[in-house]
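Trainee: Could you take me through one part of this model closely, the sheet and what packs against it, and then place that part within the rest of the chain?

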Amino acid sequence: MNPQSEHVAVVFEPGPRRVLARVSGDIDMDEAEGLRAELTEGLAAGLTGLDVDLAGVTFCDSSGLHVLLDLDELALSAGKTLVLTALSRPVARLLHLTGMERVLTVRAHVLWVEHRRYGPTVHLAPVGQLNGSTRSALDEVRLPLDGVDVVACDMQELTLLDVTGLDALLDFAQRLDGRGIAFFVYNWQPQPRGLLDLVDEQHPSAARPTRMLRRLQDFAAAARTAGAAKAAEASRTRAASGRTASGRSLPYT
């Protein structure tokens with residue numbers, strides 16, 4: 001196989017039925033065609049297809065995405081499969097934003113954390129799966145939090161949480177608390193919320209291990225309870241007032 005340019009490196013590991021290609025470097029318009037040629041050759045050499053490890057890719061634009069999509073079509077036409085076995089966060093973010101993670105075959109555990117700062121408040125949005133292999137993503141966002149008072153974490157796009165990921169999240173929350181930074185989590189999805197419930201079932205309600213992760217949820221529940229009680233009291237007051245008014249005698253004129 002022809003050597004790749006200095007910007008992109010492809011290392012092949014032939015197997016009995018499939019070839020593994022480890023790709024690293026920046027994939028842009030200048031590098032895309034060379035990468036396409038390399039991976040096409042690797043696909044041809046694999047009996048059942050090509051596995052692509054993109055963990056070492058530091059940049060990928062739409063030209064790199066088109067290479068993957070074209071290779072996927074080529075594999076299907078040849079009765080083979082193209083499988084992405086590992087993704088760097090730049091690649092994972094590109095696939096997520098374009099929706100191509102649902103088109104290509106991805107068997108990689110990845111997490112990246114969207115990070116936006118508004119004065120003393122930081123908004124985080126983990127995307128993907130939080131487990132033992134992705135917990136380091138939390139360390140990356142914990143470092144630049146000097147001068148921050150509040151961290152709000154939107155879990156809408158966290159699709160999977162396992163015990164090691166939960167342990168990393170609890171450690172993250174405790175470290176923020178130790179620095180005097182308030183941490184609020186919201187938009188829990190069914191699978192992660194189910195894990196929180198399962199863990200808490202093993203402990204008394206007063207000692208829930210996940211209480212720091214449920215803080216906003218507890219506030220919301222308390223507000224709903226208070227709101228319902230206030231509405232019920234207002235309803236009773238109106239009803240009592242109505243009964244008093246209906247029992248009042250009108251003066252004769």
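**The open sheet and its surroundings**

Mentor: Among contacts in the chain between residues at least 6 apart in sequence, 69% join residues at least 24 apart. The model is a predicted one, and its chain of 253 residues, of which 38% count as buried, has a secondary structure that comes to 7 helices and 10 strands.

The part you ask about is an open sheet of 5 strands, with mixed pairing and the strand order 1-2-3-4-5. Its edges are taken by strand 1 (8-14) and strand 5 (105-106), each of which has a single partner strand, so one side of each is left without a neighbour in the sheet. Further in, strand 2 (residues 18-27) and strand 3 (residues 49-60) run parallel and are joined by 9 bridges; to find your place along them, look for Ala-21, which stands opposite Val-52 in strand 3. As background, the strands of a sheet pair through backbone hydrogen bonds, and they do so either parallel or antiparallel.

Turning to the helices on this sheet, helix 3 (residues 89-98) packs on it and touches strand 3, strand 4 and strand 5, with a direction that makes about 105° with that of strand 3. Helix 1 (residues 29-45) lies across strand 1, strand 2, strand 3 and strand 4 (81-87), and runs at about 0° to strand 1. Within helix 1 you will find Ala-37, which counts as partly exposed because its relative accessibility is 47%, a value between the limits of 20% for buried and 50% for exposed. The C-alpha atom of Ala-37 is separated by 9.5 Å from that of Val-67, although the two residues are 30 apart along the chain.

The sheet and these helices also share an interior. The largest nonpolar core has 35 residues, and those with the most contacts inside it are Val-23, Leu-39, Leu-54 and Leu-87. At least two residues of this core are supplied by each of strand 1, strand 2, helix 1, strand 3, helix 2 (62-77), strand 4 and helix 3, with the largest share, 6 residues, coming from helix 2. Leu-87 is a useful residue to centre the view on: not counting residues up to four places away in sequence, Leu-87 touches Leu-54, Ala-55, Ala-92, Leu-95, Val-106, Ala-108 and Val-110.

A second, separate core of 30 residues includes Leu-166, Leu-176, Met-212 and Leu-213. In soluble globular proteins, nonpolar side chains tend to be buried together.

To place the sheet within the rest of the chain, continue to strand 6 (residues 111-118) and strand 7 (residues 121-130), which pair in the antiparallel sense over 8 bridges. His-115 has Leu-124, in strand 7, as its bridge partner, and in the hairpin of these two strands, with 2 residues between them, Gly-119 takes a positive phi near 60°.

Later in the chain there is 1 aromatic pair, under the rule that ring centres lie within 6.5 Å. Phe-172 and Phe-183 form this pair edge-to-face, at 5.5 Å centre to centre and with 80° between the planes. Because Phe-172 lies in helix 5 (residues 163-178) and Phe-183 in strand 10 (residues 182-186), the pair ties together parts that are 11 residues apart in sequence. Both Phe-172 and Phe-183 are buried. The ring of Phe-184, in turn, has the charged end of Arg-215 sitting over it, 5.8 Å from its centre.

Technical notes
Residues are numbered from 1 along each chain as its sequence is written. This is a predicted model: local features need pLDDT of at least 70, side-chain atom pairs count only at pLDDT 80 or more; totals for chains, interfaces and linings use all residues. Side-chain values use heavy atoms; hydrogens and water are left out. Rings of Phe, Tyr and Trp (its six-membered ring) pair if their centres lie within 6.5 Å; planes under 30 degrees apart count as stacked, over 60 as edge-to-face and the rest as tilted. Helices (H or I, at least four residues) and strands (E, at least two) are DSSP runs, numbered from the N terminus. Buried means under 20% relative accessible area, exposed over 50%, partly exposed in between (1.4 Å probe, protein chains only). A charge sits over a ring if NZ of Lys or CZ of Arg is within 6 Å of the ring centre and within 35 degrees of the ring normal. Two strands pair if DSSP finds at least two bridges between them. Contact means heavy atoms within 4.5 Å. Axes are lines fitted to C-alpha atoms, for helices over the stretch in contact, and angles run from 0 to 180 degrees between N-to-C directions. A nonpolar core is a set of buried Ala, Val, Leu, Ile, Met, Phe, Trp, Tyr and Cys residues joined through side-chain atoms within 4.5 Å.
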